[in-house]
Every structure is written in C-alpha cells, then in structure tokens.
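Biologist: I have a new model open on my screen and would like to learn how to read it. Could you walk me through a few features?

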Amino acid sequence: MLRARWPQVNLTSLRSGMNNLGTDVVVAGAGPTGLMLAHELALAGVDVVVLERHHERTGLSKALNLQPRTTEMLELRGLLDGAEERSFATVQDGHFAMIPIGYDGWDTRFPFQLGIPQAQVEAYLEERLAAQGTKVVRGAEVIDFVQEKDFVSVRYRTDSGENRLHAKFLVGCDGARSVVRKRLGVDFPGVDGEGFGVVADVLFDKIPAGAQKQWRTMRNVGEPTGATTFKGLIPLGEPGLYRFVYGDRASRPKDIRSAISHDEVRQALLDSYGETATVSEIRWASQFSDAARQAERYRVGRVLLAGDAAHIHFPAGGQGLNLGVQDAMNLGWKLAATVRGWAGDDLLDTYEAERHPVGAQVLHNVAAQLGLTPRSHESRALRALFGDLAELPEVSRYLSGMVSGLGIRYTTHGTSHPALGSRLTDQDVPTEAGPLRPSTLFRDGGFVLLTTTQAHVDTARAHAYSPRLTTQLVTTLPWPSTDAVLYRPDGYACWVAPTPTR
Ligand SMILES: Cc1cc2nc3c(=O)[nH]c(=O)nc-3n(C[C@H](O)[C@H](O)[C@H](O)COP(=O)(O)OP(=O)(O)OC[C@H]3O[C@@H](n4cnc5c(N)ncnc54)[C@H](O)[C@@H]3O)c2cc1C
C-alpha cells in the first residue's frame with residue numbers, strides 16, 4: 001500500500017532539515033485558502049503539512065468580510081460559532097461598484113456579510129487545524145518542486161537551510177505571487193494594473209461627519225470621488241478605529257509593492273474629510289493594484305493551485321478571500337478522496353472544471369464594477385442607470401448571487417433535476433423525531449443523503465466517492481419528484497433519485 005512508503009512527518013525534523021520525509025499533501029501557504037484546505041484534508045484523515053514562509057502571523061487584515069456562501073460553508077463544519085465570536089459586525093447588504101445590493105432574494109439562513117478581519121479568520125482556522133493535530137510549519141518557504149510519477153518532491157527553505165519533502169500532492173495556496181504557479185509554468189493571463197488603491201487602519205480622535213459608528217450597511221461606506229478616484233470608510237468595531245480606503249484608477253505609483261508613508265495617508269485623509277476629522281494614529285497602511293489575472297490551469301499532474309495563487313483581481317465587492325475559501329472547500333474533499341483511494345484521478349479534474357469558471361466569473365464582475373467608474377458624462381449616466389436597476393429585486397438577486405457565491409450551481413451530467421448541482425439551503429427538514437437542521441449532518445466532512453426511503457442508501461453509497469456517508473430519513477424533501485438527494489461534502493447536490501412511477 002502506498003501509505004506504507006510515506007513515513008509520518010516529524011515537525012521538529014522538518015524545521016531542522018532532515019530530508020526525504022513523506023506526507024500525503026503539502027499545502028504551500030497558511031493564508032485563509034491554505035488553512036481551510038488543510039482543515040478539510042485533516043478532517044478526512046489525510047496527512048497534511050502546511051509550509052508557511054512567515055515565522056509569525058502578521059496579524060494584518062486585507063479582507064474584512066465573509067460572504068453568505070462562505071458563512072454557510074463554515075456552518076457545515078461547525079466553524080461558524082467561533083468565527084462569529086471573532087466578528088465585529090453584521091452587515092445587512094453587499095455592494096457592486098459601491099452600489100448596495102441586498103441578499104434577501106436568496107433562500108439562506110445568513111443573508112448578510114459577517115464583518116471579521118482576515119487575521120481573525122486565519123487565527124481561528126489555524127487554531128481549529130491544530131485541534132485536529134495539524135500544525136503549520138512556519139519559517140518554511142517553498143522554493144521549488146519536481147514532479148515524479150508517484151510523488152512530488154517539494155524543496156523549501158528554513159533558517160537552517162534547504163530541505164525536501166515528498167508528498168503525493170502539492171497545492172499552491174501561496175498567494176498572488178505564487179512560487180508554485182510560477183514553477184509550474186502555468187500561464188497567468190490578464191491585465192496589468194493601471195491604478196492603485198490604499199488601505200489604512202486609522203484611529204480617529206474625531207471621526208468624519210456622517211461616518212457610520214457601527215458597520216451595518218454598505219450604504220454610504222464608499223463612493224467615487226472623481227472621474228477615477230474613490231474613497232471609503234468602514235468602522236472596525238473599536239471606538240474611533242476605521243478602515244480607510246482610497247485610490248485612483250488612472251494613476252499608479254512606480255512600485256505598487258513599495259510601502260506607503262503615513263504622511264501620504266494623513267494627506268489623503270485631509271483631502272477627503274478636511275480638518276474637522278482628526279487622527280491620532282495610523283496603525284497600518286498598504287497599497288494594492290487593480291491587476292486582474294487568472295491561472296490558465298488549476299491542476300498539472302500532482303500540483304494544484306487555489307485562492308490568490310490561481311486568481312487575482314481588484315478587491316471590489318469583497319470577494320477574494322471568499323473565493324479562496326470556497327476553492328478550498330471544493331478541492332478538499334476531492335483531494336482527500338483521491339489520496340485515500342476512494343476515487344480515481346478524474347475526480348480531481350472536476351476541481352478545475354468547476355472552479356475555473358467561477359473564478360473567471362468573479363474577474364468578469366470585478367471588471368464590470370470597474371467599468372462603472374464615473375469617468376465621463378456617459379459613464380456617470382450609465383452608473384446612475386445601473387443604480388436604479390440594482391434596486392429591482394431580480395437584478396439585486398442576480399448581482400448578490402454572483403458576489404456572494406450563493407448563485408453558484410455546478411453542472412452535473414445525467415438527469416436534469418432542479419436540485420442537481422444546487423447548494424443546500426439549510427432550512428430545517430421534517431423527520432419523525434421532529435425538525436432537523438441539515439448542516440449538522442456535514443460536520444465530519446462526509447457526504448449526506450436525505451431520503452424518504454431507506455432503499456436509496458445503497459445506491460447513494462455508489463455515488464458518494466467516500467465511505468463517509470451520513471444517511472438521514474426525512475418525511476418530506478424540499479425538492480419535487482425525488483425520494484432522495486445526495487449532497488457532496490461541500491454542500492452541493494450531486495445525485496437525486498427519481499420518484500418511481502407508482
Ligand atoms: C486591499 C485588499 C483588500 C481586500 N479586501 C477583501 C475583502 O474585503 N473581502 C475579500 O473576500 N477579499 C478581500 N481581499 C482579497 C483577500 O485578501 C485575498 O483574496 C486572500 O488573502 C487570499 O487568500 P489566500 O490564502 O489565497 O492568499 P494569501 O492571503 O496571500 O496567503 C498566502 C500565504 O502564503 C504564504 N506564502 C507565500 N509564498 C510562499 C512560499 N513560497 N512558501 C510558503 N508560504 C508562502 C504567505 O506568507 C501567505 O501566508 C482584499 C485584498 C486586498 C489587497
């Protein structure tokens with residue numbers, strides 16, 4: 001058996017540089033994508049090593065939100081309560097080009113954004129991962145790899161020198177400048193940035209007039225300030241502390257990676273809010289670009305890409321972290337099934353088949369949001385008209401479905417049934433023992449069968465790609481013309497049993 005040839009990893013040895021240790025999967029990068037993926041793999045009993053180049057967590061947060069679909073996914077794993085404890089806001093809407101859009105057209109228990117700093121998401125996921133016995137190896141930078149027929153040999157650098165680690169698979173979750181993607185030689189087509197943005201966490205003595213004190217809505221959070229310029233202010237939960245965002249889509253510093261000085265941020269605050277707002281401290285500031293690129297492939301042999309390593313875009317609509325976590329949820333159970341020998345290699349190909357179009361759609365909607373910049377008389381009119389359209393429930397539903405991930409439906413082959421490819425909406429289902437919340441059945445990361453008749457259990461097993469299958473008899477299903485719906489571990493229906501004609 002393959003597993004016998006791969007000794008368990010000893011973390012102390014990893015840091016000190018012993019060579020030729022083995023594991024099932026190496027995840028490069030302990031950002032939200034890598035941590036979520038490692039969590040999914042560990043849950044399925046896969047040996048996983050997360051290599052992270054930073055010695056310590058930075059504690060800094062680019063993203064500030066969880067979209068409803070990500071929240072639903074955390075709930076599937078019982079991770080939501082802990083995330084909520086670390087959140088600072090519940091925001092009733094989302095936005096598209098800073099035009100507020102509601103989630104109320106969606107059948108979800110979570111029609112809101114959860115305001116939570118990225119650093120908190122990471123800290124929490126890392127904590128949960130450690131509770132499963134998997135620790136992140138810090139100060140370990142992946143520098144190269146070689147693919148062999150049966151394994152990948154991953155080269156990484158620590159303070160004590162260079163090391164190698166053999167794994168069945170390597171997943172690059174190493175962010176926008178992914179070394180894994182570059183070494184894989186996968187094209188990363190797209191557009192270079194033309195403009196820049198700045199995020200800064202700012203402590204006001206006196207907050208600007210009209211600023212929200214608590215983040216409850218996207219209304220009046222941000223706005224275009226000129227033909228290509230924009231600004232925004234988000235309260236971060238601590239009195240006086242705000243995320244200040246500003247930028248210009250038509251001008252770009254020579255080096256977008258260079259540090260932004262606090263004087264520059266103070267000047268931008270003065271330009272935006274005048275002398276009535278006074279600042280006592282700038283805690284952190286960073287520049288970002290509006291480049292947009294997507295890896296042409298998400299998988300080459302035993303190496304895969306997820307999160308920012310696979311796609312980058314301007315942070316419009318609050319989507320990047322969410323997209324990465326949802327990539328991880330899609331990939332996790334498939335990679336686990338492949339590694340554990342429950343499924344053939346072809347299952348892994350469905351990761352790219354399903355997630356590449358979703359990533360492309362996000363890049364597309366971000367480009368459309370940037371297209372609504374009021375650069376000219378005509379585009380101002382277009383933006384105003386679009387704002388009116390966004391008030392229409394169907395348009396709002398369409399846009400929020402795209403930005404949140406709630407609108408994703410994966411195509412499945414075979415019979416066409418409205419349930420197939422759709423997400424679990426997690427409304428209570430009736431059972432003989434009383435109403436049941438379906439998400440509680442997904443905690444172990446396995447498949448879930450909801451059925452009105454025991455007879456379907458065996459057939460479901462044949463479709464489940466995993467011995468982990470929870471079956472639940474219900475008195476009725478929320479879908480017509482079926483006696484059974486099988487859900488994948490990431491909460492999408494993958495098989496339905498047609499109701500026999502009686
Ligand atoms: C200004 C700004 C605001 C944003 N706001 C939002 C928002 O509100 N909502 C939202 O959803 N998204 C937002 N995003 C996007 C979001 O921050 C990213 O999409 C998210 O961080 C992607 O997570 P990731 O884990 O894929 O990559 P990253 O967060 O970049 O994590 C990659 C990890 O890999 C490590 N690493 C890199 N190279 C190596 C290597 N060679 N070896 C080992 N480790 C390595 C890094 O140190 C890092 O820890 C924003 C982005 C920016 C720039």
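**Reading the model together**

Modeller: Gladly! This is a predicted model. Let's begin with helix α7 (residues 262-273), which lies across β13 (196-206), β15, β16 (241-248) and β17. Helix α7 runs at about 90 degrees to β16.

Biologist: In what order do the five strands of that open sheet come?

Modeller: First, the general idea: strands of a sheet pair through backbone hydrogen bonds, either parallel or antiparallel. Here the order is β14-β15-β16-β13-β17, with antiparallel pairing. At the edges are β14 (222-224) and β17 (278-289), each of which pairs on one side only. From one strand to the next, the twist averages 15 degrees.

Biologist: How many bridges join β14 to β15?

Modeller: Three bridges join β14 to β15 (residues 229-235), and the two run antiparallel. To find the place on your screen, look for Glu223, which stands opposite Lys231 in β15.

Biologist: Now I'd like to try hairpins. Which strand forms a hairpin with β9?

Modeller: That is β10, with four residues between the two strands. Strand β9 (residues 141-147) pairs with β10 in the antiparallel sense over six bridges, and Val146 has Ser153 in β10 as its bridge partner. On the other hand, another hairpin joins β10 to β11 through two residues. The pairing of β10 with β11 (residues 161-172) is antiparallel too, over seven bridges, and Arg155 stands opposite Arg164 in β11.

Biologist: Why is β10 described as largely enclosed?

Modeller: Count a residue as buried when its relative accessible area is under 20%. Five of the seven residues of β10 (residues 152-158) are buried, so the strand is largely enclosed by the rest of the structure.

Biologist: And for a helix, how many residues of α3 are buried?

Modeller: A general point about helices helps here: an α-helix has 3.6 residues a turn, so residues three or four places apart point the same way. In α3 (residues 68-76), nine of the nine residues are buried, so this helix is largely enclosed by the rest of the structure. Among the buried residues are Arg69, Glu72 and Glu75. The cover over α3 includes α2 (32-43), β3 (65-66), α4 (80-85), α8 (320-339) and α11 (393-404). After α3 comes Gly78, with a positive phi near 70 degrees.

Biologist: Which residues does the "domain: FAD-binding" annotation cover?

Modeller: According to the unreviewed UniProt entry, that annotation covers residues 23-365. Over this stretch the chain is 29% helix and 32% strand, and its end C-alpha atoms are 39 Å apart.

Notes
Residues numbered from 1 in each chain as written. Predicted model: local features only at pLDDT ≥ 70, side-chain atom pairs only at ≥ 80, totals over all residues. Heavy atoms only, no water. Buried < 20%, exposed > 50% of the residue type's maximum accessible area, 1.4 Å probe, protein only. Contact = heavy atoms within 4.5 Å. Pairing = 2+ DSSP bridges. Axes fitted to C-alpha atoms, helices over the stretch in contact; angles between N-to-C directions. UniProt positions renumbered as here; feature names shortened; annotations may be inferred.
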